[in-house]
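The exercises that follow are meant to be worked through with the sequence and the model side by side. Each one sets a task and then gives a solution that goes step by step.

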Amino acid sequence: MANLPQSLSMNSPFGGPSASTPSAASAPANKDRKMASAEHLVLDLSNPELRENALLELSKNKELFQDLAPFVWNSFGTIAALLQEIVSIYPVLSPPNLSPAQSNRVCNALALLQCVASHPDTRMLFLNAHIPLYLYPFLNTTSKSRPFEYLRLTSLGVIGALVKVDDTEVISFLLSTEIIPLCLRTMEMGSELSKTVATFIVQKILLDDVGLDYICTTAERFFAVGRVLGNMVAALAEQPSSRLLKHIIRCYLRLSDNPRACDALRSCLPDMLRDATFSSCLREDPTTRRWLQQLLHNVGMNRVPGLQAGGGFDHMMVN
């Protein structure tokens, strides 16, 4: 399965880079000290005067602490404090008046929620509390300024963390909300990275049988997704992005698994996927070339006109 872009990971060591590698004997003591520091910072989140620094330190170093998510979830008042940070900037979303400092602070809170969404012991608790809904106002914004783009990207990272682990219950919850139109909006107007994460989320939803059935149940849903994917393909012809194209092609390939959608794709699949437009973009990506060839096979076109065998398509057929 595809992974979220590495740009969404924060892997810097707690307290900055270490001057030396600790010995095996001192490692447990260092781990205990670091976890004690993390627990202290989590408790600081409930104090408005200490919260900003605690958010910054925890968000930068959340990958270090294996049990940080359960501690954040179970600590008294911590989730409420994070939600307070989120709700506090709703008034500056429309009209758009979000400052870089406000954006950074709330994104640090979102990074901790992403930690909770990623952990197997807290993921379903997170969903059952309907916390993703608090992020949807951020995904509904349209300002292309950097503070808003960062806010949308970090919010998408939380949703991406939920869908990264294949779980039909997660997909069913998201489909009961407006996640599809919100992702489609970002796929149309976001930065390349935001578009990539939003398309990844749609891809993961489609890869679940419940998600594929949902999208293909009505022509309106299918063509809404197909229109946005088609517009993205047209835009990529002018500004190529191999990682974004990879997710788009995987979405199309999955749609072709549904008989009705496959019939529709025979007439609405972009011509630029049928010719050699992206041959140079995909030259170093055999997986995506294989997906594209399988897609064309599924819709009744076995090879891309204008590409020789050296282009990597003719011999990449999937049985």
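## Exercise 1: Two loops

The model is a predicted one, and His 130 is placed in the loop between helix H6 (123-128) and helix H7 (136-139). Task: find what the backbone angle phi of His 130 is, and decide whether the residue is buried, partly exposed or exposed.

Solution. Start with the backbone: phi of His 130 is near 60 degrees, which is a positive value in a residue other than glycine. For the second part, the relative accessibility of His 130 is 39%, and since partly exposed covers the range between the buried limit of 20% and the exposed limit of 50%, His 130 counts as partly exposed. As a further step, turn to the loop between helix H4 (78-88) and helix H5 (100-118), where Pro 95 lies; the peptide bond that joins Ser 94 and Pro 95 is cis, with omega at about -5 degrees. Both features deserve a second look, because most residues other than glycine have a negative phi and most peptide bonds are trans.

## Exercise 2: A helix and one of its residues

Task: describe the length and the cover of helix H8, and then state which residues Thr 154 is in contact with, apart from its neighbours within four places in sequence.

Solution. First take the length: H8 has 19 residues and spans 26 Å from its first C-alpha to its last, which is close to the 27 Å expected at 1.5 Å a residue. Next take the cover: 16 of the 19 residues of H8 are buried, and the helix is mostly covered. Thr 154 lies in this helix, which runs over residues 146-164, and because its relative accessible area is 7%, Thr 154 is buried. Once its neighbours within four places in sequence are left aside, Thr 154 is in contact with Cys 107, Leu 110 and Ala 111.

## Exercise 3: Salt bridges within a helix and between helices

Task: a search of the whole structure finds 12 salt bridges; explain how the partners are placed in the pairs Glu 149 and Arg 152, Glu 57 and Lys 60, and Glu 192 and Arg 243.

Solution. Begin with Glu 149 and Arg 152, whose side chains meet in a salt bridge at 3.0 Å, N to O. Because they are three residues apart in helix H8, about one helical turn separates them, and both Glu 149 and Arg 152 are buried.

The side chains of Glu 57 and Lys 60 also meet in a salt bridge, here at 3.7 Å, N to O. These two are three residues apart in helix H2 (residues 51-61), so about one helical turn lies between them, while Lys 60 is partly exposed at 35% relative accessible area. The general reason is that an α-helix has 3.6 residues a turn, so residues three or four places apart point the same way.

The last pair is Glu 192 and Arg 243, with the closest N and O atoms 3.2 Å apart. Since Glu 192 lies in helix H11 (residues 192-207) and Arg 243 in helix H14 (residues 242-255), the pair ties together parts that are 51 residues apart in sequence. Glu 192 is partly exposed, at 39% relative accessible area, and Arg 243 counts as partly exposed at 35%. Finally, salt bridges that share partners join Arg 51, Glu 52, Glu 85 and Arg 105 into one network.

Terms used:
Residues numbered from 1 in each chain as written. Predicted model: local features only at pLDDT ≥ 70, side-chain atom pairs only at ≥ 80, totals over all residues. Heavy atoms only, no water. Helix = DSSP H or I, 4+ residues; strand = E, 2+ residues; numbered from the N terminus. Buried < 20%, exposed > 50% of the residue type's maximum accessible area, 1.4 Å probe, protein only. Contact = heavy atoms within 4.5 Å. Expected span 1.5 Å × (residues − 1). Salt bridge = Lys/Arg side-chain N within 4 Å of Asp/Glu carboxyl O.
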